[in-house]
Every structure is written in C-alpha cells, then in structure tokens.
Amino acid sequence: MTENYIVFFDSGVGGVTVLRECVKRYPTEKYLYYGDNENAPYGNRSKEEITGLAKRAFEEIACMRVRAVVIACNTVTAECVDALRKIYSFPIVGIEPAIKPAAVCGGKVLLLATRATLESERVKRLIAANACNAEITVYSPENLAGDVERNIENLDNIRLSSHLPKGEFDSVVLGCTHYIYLREKIASYYKCRVFDGNAGTVDHLGKILNICSKNDEKTEQNEPYFYGKSKKVNQKAYLILKRL
C-alpha cells in the first residue's frame, strides 16, 4: 500500500452499502474494506465481546496506511466508537440510525436495529432526543443480520414476516447496515418511507476530510481493495459492491 486509504470496517457485508454510497459520491478516493466475516454478525454479542473484536480489527487496520476509518456498523459505533477515538489519532467516522430525519416527519416511527445497538446508551440518548417529535417504537429482529449475511447472494430466501413486527408505521429507520439490502422489500412490507444513516455518514466523512463530491459520469472510479482472511469472502464482497 503506497497511498493512504479510507478504510471501511464492518462485522460482515453490511458495510458494503456504506462503501457504495461513498464510492458514488467520491469516486476518485482510495478505499479499503475490512470485513470481520469470521465473527459476523456482532449484534447479539455482549458489549465486551463487541469492543474486543473491534479493537482487534483496529490493531490490524492501524498497521495500514490510513487516512480515516469509517465504522460502517451501527453496533460498533454505538458500543465503542468513543473508546476507539481515544486510542487512535486518525479520524474515525461512525454511523447512527437516521432517527432525527424520520422523527421530523412525525407520526409513528419504527426503529429496527440489533439488540446491542438498542441497548447502548448512545442510541438511547438519540431516541430520547427525538421522542418529542414522533412516537418511536424499537424492535430488534434477532436473526435478521445473520440471515442477510448467509443469504446475501439470494435475498429472496429471507421471509420478512418471520423477522419483522406487525403494525402500521409512517416510517421505518434501518439501524443496521445489513438491513439496507432489504430496503425496498421493507418499504413495500410496511408501505411507508424508509430511512438509513448511510448518506449522513458519507456527508460527515466528506466534511472531515474536505472531499468534494464528483458525480461526473466521465470520472473514473478507483477500485476498492477488500481485506479479509478469506479470498472467497473478499471476492463475494466485491461482487456485492458491483451489484449495488
């Protein structure tokens, strides 16, 4: 690695959705994707386990030429982004559920996120800060992130009715990057608007690094580099990026 990379970190393939948003917005930047697929998903683990896995991954990431790291995982952001920022000097950008824009629209808001994310103090504060604008219902589909990870090449295998709560909502917030692969299906299931935190994270990254958006179709995109323990997993993540 001869150049500094913007590194995307997630427990599995969920963060590829954030990477894709960034590549579209800032195509000439250098990207590296680090997916801890061996331990995915993180959402049902304890805070101690999540923090330990994240710190282990960051020890490897810190040995690379890093311009900034994007934690493309709501669970890791919620549980340990502050601790990681105290350890490392490079910029670390997290991702959070887009509760605020959904709450601004008012009505009934359903927040879907992993158990660890919903139990974190960070997300509890975020919910409380926006509860005056909307009626916010939280729900953790215990096995949905893992189901997406296992069926990423054939998402039609996933039955939403076995994962999602019944009810009528004015909007749904996807608080896990794995869920974003099912965004259109979830929107159709509830017949309402769906929000996620990807765009906000990419905006924040651009401001921190002073990157200008380049949406010219003639702009040549750099190919992201995928880092992981398995070449097969890396190839799968690359193909997923191309399909998005």
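Two strands are taken to pair if DSSP finds at least two bridges between them. In this predicted model, strand 5 (residues 108–112) meets that criterion with strand 6, the two pairing in the parallel sense over five bridges. Val109 has Ile136 of strand 6 as its bridge partner.

Strands 5 and 6 belong to an open sheet of four strands, in which the order is 6-5-7-8 and the pairing is parallel. The edges are occupied by strand 6 (135–139) and strand 8 (193–196); each has a single partner strand, so one side of each lacks a neighbour in the sheet. From one strand to the next, the twist averages 25°. Helix 8 (residues 183–190) lies across three strands of this sheet, namely strand 5, strand 7 (171–174) and strand 8. The helix runs at about 145° to strand 8.

A helix pair was also examined. Two packed helices are described by the angle between their axes and the distance between the axes. For helix 2 (residues 47–61) and helix 3 (residues 74–87), the angle is about 50° and the axes are 10 Å apart. Angles that fall outside the roughly parallel, roughly antiparallel and roughly perpendicular ranges count as oblique, and helix 2 and helix 3 are therefore oblique to each other. The crossing of helix 2 past helix 3 is right-handed. On the helix 2 side, the contact is made by Lys47, Ile50, Thr51, Ala54, Lys55 and Phe58, and on the helix 3 side by Thr75, Val76, Glu79, Cys80, Leu84 and Ile87. Of the residues in this contact, seven are nonpolar, two polar and three charged.

Key
Residues are numbered from 1 along each chain as its sequence is written. This is a predicted model: local features need pLDDT of at least 70, side-chain atom pairs count only at pLDDT 80 or more; totals for chains, interfaces and linings use all residues. Side-chain values use heavy atoms; hydrogens and water are left out. Axes are lines fitted to C-alpha atoms, for helices over the stretch in contact, and angles run from 0 to 180 degrees between N-to-C directions. Angles under 35 degrees count as roughly parallel, over 145 as roughly antiparallel, 65 to 115 as roughly perpendicular and the rest as oblique. A crossing is left-handed if the near helix is turned anticlockwise from the far one by less than a right angle, and right-handed if clockwise. Contact means heavy atoms within 4.5 Å. Ala, Val, Leu, Ile, Met, Phe, Trp, Tyr, Cys and Pro count as nonpolar, Asp, Glu, Lys and Arg as charged, and the others, Gly among them, as polar.
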